[in-house]
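I set out to look up how the copies are related and how one sheet is built. My entries follow, in the order in which I worked.

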There are 4 protein chains.
Amino acid sequence: MSQIKVGVIGCGYWGPNLLRNFVEISTSNVLAVADVREERLSHIKNCYPQITITDDYRELFTMGLDAVVVATPPATHFLLAQDCLRHGLHVLVEKPLTLNSQHAEELIKLAEAQELILMVGHTFEYNPAVQALKEIITSGELGQIYYVDSARVNLGLFQRDLNVLWDLAPHDISILHYILDSHPISVSAHGTACIVSRKHDLAYLNLVFPDSILAHVHVSWLDPRKSRCITVVGSKKMVVYDDIEPLEKIKIYDKGVEALPYTDTYGDFQCSYRYGDVVIPNIRFVEPLRLECQHFLECIMNGAEPQSSGQVGLNVVKVLEMAERSLHNGGGQEKIFFEKEPEFSHVVT
Amino acid sequence: MSQIKVGVIGCGYWGPNLLRNFVEISTSNVLAVADVREERLSHIKNCYPQITITDDYRELFTMGLDAVVVATPPATHFLLAQDCLRHGLHVLVEKPLTLNSQHAEELIKLAEAQELILMVGHTFEYNPAVQALKEIITSGELGQIYYVDSARVNLGLFQRDLNVLWDLAPHDISILHYILDSHPISVSAHGTACIVSRKHDLAYLNLVFPDSILAHVHVSWLDPRKSRCITVVGSKKMVVYDDIEPLEKIKIYDKGVEALPYTDTYGDFQCSYRYGDVVIPNIRFVEPLRLECQHFLECIMNGAEPQSSGQVGLNVVKVLEMAERSLHNGGGQEKIFFEKEPEFSHVVT
Amino acid sequence: MSQIKVGVIGCGYWGPNLLRNFVEISTSNVLAVADVREERLSHIKNCYPQITITDDYRELFTMGLDAVVVATPPATHFLLAQDCLRHGLHVLVEKPLTLNSQHAEELIKLAEAQELILMVGHTFEYNPAVQALKEIITSGELGQIYYVDSARVNLGLFQRDLNVLWDLAPHDISILHYILDSHPISVSAHGTACIVSRKHDLAYLNLVFPDSILAHVHVSWLDPRKSRCITVVGSKKMVVYDDIEPLEKIKIYDKGVEALPYTDTYGDFQCSYRYGDVVIPNIRFVEPLRLECQHFLECIMNGAEPQSSGQVGLNVVKVLEMAERSLHNGGGQEKIFFEKEPEFSHVVT
Amino acid sequence: MSQIKVGVIGCGYWGPNLLRNFVEISTSNVLAVADVREERLSHIKNCYPQITITDDYRELFTMGLDAVVVATPPATHFLLAQDCLRHGLHVLVEKPLTLNSQHAEELIKLAEAQELILMVGHTFEYNPAVQALKEIITSGELGQIYYVDSARVNLGLFQRDLNVLWDLAPHDISILHYILDSHPISVSAHGTACIVSRKHDLAYLNLVFPDSILAHVHVSWLDPRKSRCITVVGSKKMVVYDDIEPLEKIKIYDKGVEALPYTDTYGDFQCSYRYGDVVIPNIRFVEPLRLECQHFLECIMNGAEPQSSGQVGLNVVKVLEMAERSLHNGGGQEKIFFEKEPEFSHVVT
């Protein structure tokens, strides 16, 4: 396989970034772009005259493509991905994979049956700063993990067919699953719908992970400041990952507290504090989307399971479903059940 | 009454700041300081040789004082304030007023019966930036208030007899009551006790105020960065009050979103965004504690009810009690009942 | 003229950005790219298969082009621009226009004689934040301008054929000329060559403008932090333009000092300080390079003189020449002579 | 000597801080305060009733004091310090020591003759962050020092009897002398007097130290933002010391550039860049003024030479004199001559 032939469905907000990457990567060749909006197509044609444009995505099935990227509104993910898989194409779907777990499971089964790659665009799993964060946690440098706090807020674009939970929280949940290498046992969610009735634009999630690790997620489309910040607090050290910082994304604080044996005498409570240096590791910047696209192409070539596989996408959808349920029942705690993840058995040849 | 004669009980972490203010204010005269720690008393004596020191606070009842400041650990607030009121002294108690609402109610009744001033040290109600924030909200400049988000975190000193909820959240709750001029209908709380078993060092509160205003409070003793930040989001404008900023504490963002009439056509969701100027109002800095101390002295002189009266202190304790209950029952929603606030009837003469 | 046919010479660091813009703008069509590096050409070919690539820029003269963009190392600007103008092509040259004023004057005369557009890529003159800064100054809102301080530093790429003065200071000088609408009377420069002998990587410039306005420019390739910050201090207000800030690039400070009549009595010196609000005007972001490219195309279509004309480029080169002279004579003050700028007489038809 | 008996002359802006420290330190006892302003004295009397106040500093000579602190306007430093030394008192003078080097030399000789301590209040030499910076430089961790850039600007209080050079630059110059352990060979200065005729409120200094180390100092009373920032660039690493940062005052950047052997081939210039981690060392905060006051008392007790001795104060005055001369001759370079520093010979007994 010399160059992987790629088609792109959806060229609105995020699609052009995917398109540009697959154009620039030398191992792929973008043959066609589909979108329902005429002006988007003509813009693409102006920049890339060699690419075929169409307002009917089904034309892509006749062009000898190897793979398709689905970057359309989430409500259309399931049907489009299903159709592409049925036509024998590897599929990279934008997050969230689907809007319910049953649909995600169907796609996984279909890809398995067809021996095709199904990958979801959890970009942050390919972000070098997130990968560095995962390594720091895994290395044990932080000690026992106590809690994770994540905020992802700004004056954001309202989505037509989903609320802020489904729009922004997939990032936080996929990052949490990835860096903690586990899934939450339960979730509760609070929030409010300020602008459009019954469409939440603000949500707070409390997730309980194994070993009593608490994770809190704050997502909002209605905040005056942009924040993309994750704090991980461990028994030995603490880390802040601030994605807004252009260079200093990860800060490791050699700070901690230890309780000393409790005494009943009247006096200061006995805790031992440690204030040490702060280290900002140098992280070589590579565009995460470039790494994601390259990973998709490599999985196709090698028949390997993607990092952000369909199963990984399903696990995020399960958490979102239960968070949504809690959001609508007054913040009650909802349990989440994850099946044992199946082995990735097929190899594309 | 030429100078108001003041005694201070407790000279640990916060007491010296109160002491210094009452020393520097020309309308008060600090006659005595009580503390159980010898080294604190000798330090005070070195700096202020004119002040009587004692390790028995009851000596203060024999010195002809007008008022006493109670800056001891919260568990001792009730008994000390009660004893001072019974001995005919006006009392300024550090926050939280007491550790349960029954105690707070008893103090209020006692002060009323004795015709004495009972004031709680809600410092932020005397902070010029918080007062500016309240004025901005009251003026209607922000439009309808949608939600308030408050964070108060750092690597903080563990308290001997209370958790992070009772240590830090009194500030947030008193600010919320003050700026919104109302009290929450219900509260739910999540959190975890990382360092000392059953003593929460991290808590998230969700408060529902009248008119469906959601307030979220994040307090932590276990965070690598110091944050003291309150965001108020309204239908017209948004405000961020960042108390860490030395000069630019209040930022007013002329930003907002309005939903346009919904249409069913396939196309971009219709919202109207407004991105306007940011204004940072000049706020003349005065030490809030100085204003608080002066207010206490003025209330004594004029027989006026303090801004942060015993009743205001009780209202904060009620919210803390219900938040604590939720924290221990898995984040369930707890209703809070506030009685109609009594008129302030007595005038000190 | 339906689409302006453009060629690009030089596709290293900055050239691809110019290329991308001319590709995306619908009124231009990029037909060819020339570069001496094979790997750059093959990358361009991979992304834009419709574009002809060549390692000999003279091939561009045979393709019926209207205009050429020169984005090569500065030492080659003069000969390449001259050759393109002689072949009847409009030229956009990257900054600095040339490495000496005589070369710049020759290019200006040649363009005039050929009735062609000669434009220099002073990108910041097309930056909406710089344009907003100019408007604020011109409106008189700041009062009388006292001084301007500009810093442009980071760990920067060393250039092969020029020092930091010629690499970075063209931006500051073109901005100063543009926002003050005048040229400096004299310049002195200090600096040092740390890494490569006789190639300055740090320089400080003091420029005296008419009306005793002092401008100071700090440029460095050897600074651990990235800074792109200009402060303009006036008698009424002060402005900071921080290009690193993603959103809040311009801050207007309603601050100032006024001297009160001097008295000889012993007492505090009499100055009146004003501390007012800070305003951050909302500036709609458009990529400056996009605006620059569009301006070049519009000047070609309308036969209009560009904002950053050859003459404007020459004026920057004159200041750089004198600053360089001062740098090598120990920081002595060098006078700069500007001729009256000629009218832009020709119209392209 | 049980407690050192201290008097304070001048209780305006800075004097109260010195007073408070000497009051709180247990090895000193403040007996008297002199000031010409009645309202300052009555404020002091209100806070510290045990201290004698007077509007005639000569009364301090009759009270059996050991030492005097001179915190009056700089124009009065010489006569007051001289009078105190003549009356056998150890003297701590605020910076700058005097307004010309002859006066400073006279004070040094007088103190030597009288066997008294003469110390100047170069507070930053007692700042733990500056001490950490000096240790980093001395350790060789930065490699060869290339240059130092220092900025000290804000909307500052105009001084009655001196310009911004004499008001702010003593800090930068004393820090440079201290951290580089050497003195400049020459200085040139540019600046302007915006508000009050002939009183510079903005100045830029270029200082050449041995080993071709360039230091640049930017001081201004007319800047909208407060900055107190020193950058030290070395061949191996770079350091930024930002005194405005509450906690992260020192940042060590493992960044650098090395020139590779130059080749004449057309291609990228050969430099080797190193981008490594950033380390923020934990610096235990102690109020620098407290350390300065303690050091003064210890020198008195031990007869030791102070870190910021009269000679150290004189060296700063010499640089200021030459910078002032350059400021008034158009930025010309002025050489500075330092005599070999005399040994500190006397021991107070």
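Entry 1, chains B and D. The model is predicted, and I began with the surface shared by chains B and D. I found that 100% of the interface residues of chain B are also interface residues in chain D, so the copies meet through the same surface. I then looked up the contacts: 7 residues of chain B are in contact with 7 residues of chain D. On the side of chain B that touches chain D, helix 1 (15-24) and helix 2 (38-47) of chain B are the elements that give two or more residues. I sorted that side of chain B by class and noted 3 nonpolar, 3 polar and 1 charged residues.

Entry 2, the operation between B and D. I asked which rotation superposes chain B on chain D. A rotation of 180° does so, with 0.0 Å of shift along its axis and an RMSD of 0.0 Å. I recorded this as the relation of a two-fold axis.

Entry 3, chains C and D. I looked up the corresponding operation for chain C. Chain C is superposed on chain D by a rotation of 180°, with a shift of 0.0 Å along the axis and an RMSD of 0.0 Å. I next asked which residue of chain C comes closest to the rotation axis. That residue is G332(C), whose C-alpha is at 3.3 Å. For the interface residues of chain C, I noted that 97% are also interface residues in chain D, so these copies meet through the same surface.

Entry 4, the sheet of chain B. I traced an open sheet of 6 strands in chain B, with the order 3-2-1-4-5-6 and parallel pairing. Strand 3 (52-54) and strand 6 (118-121) of chain B are the edge strands, each pairing on one side only. I noted an average twist of 20° from one strand to the next.

Entry 5, one strand pair and a helix. I followed strand 4 (residues 67-70) and strand 5 (residues 90-94) of chain B, which pair in the parallel sense over 4 bridges. Within this pair, A67(B) has H90(B) in strand 5 as its bridge partner. I then looked up what packs on the sheet and found helix 7 (residues 288-302) of chain B. Helix 7 touches strand 1 (4-9), strand 2 (28-34), strand 4, strand 5 and strand 6 of chain B. I recorded an angle of about 175° between the direction of helix 7 and that of strand 6 of chain B.

Notes
Residues are numbered from 1 along each chain as its sequence is written. Chains are lettered from A and ligands numbered from 1 in the order in which they are written. This is a predicted model: local features need pLDDT of at least 70, side-chain atom pairs count only at pLDDT 80 or more; totals for chains, interfaces and linings use all residues. Copies are superposed by least squares on the C-alpha atoms of residues with pLDDT of at least 70 in both. Two residues are in contact if their C-beta atoms, placed from the backbone, lie within 7 Å. Ala, Val, Leu, Ile, Met, Phe, Trp, Tyr, Cys and Pro count as nonpolar, Asp, Glu, Lys and Arg as charged, and the others, Gly among them, as polar. Two strands pair if DSSP finds at least two bridges between them. Axes are lines fitted to C-alpha atoms, for helices over the stretch in contact, and angles run from 0 to 180 degrees between N-to-C directions.
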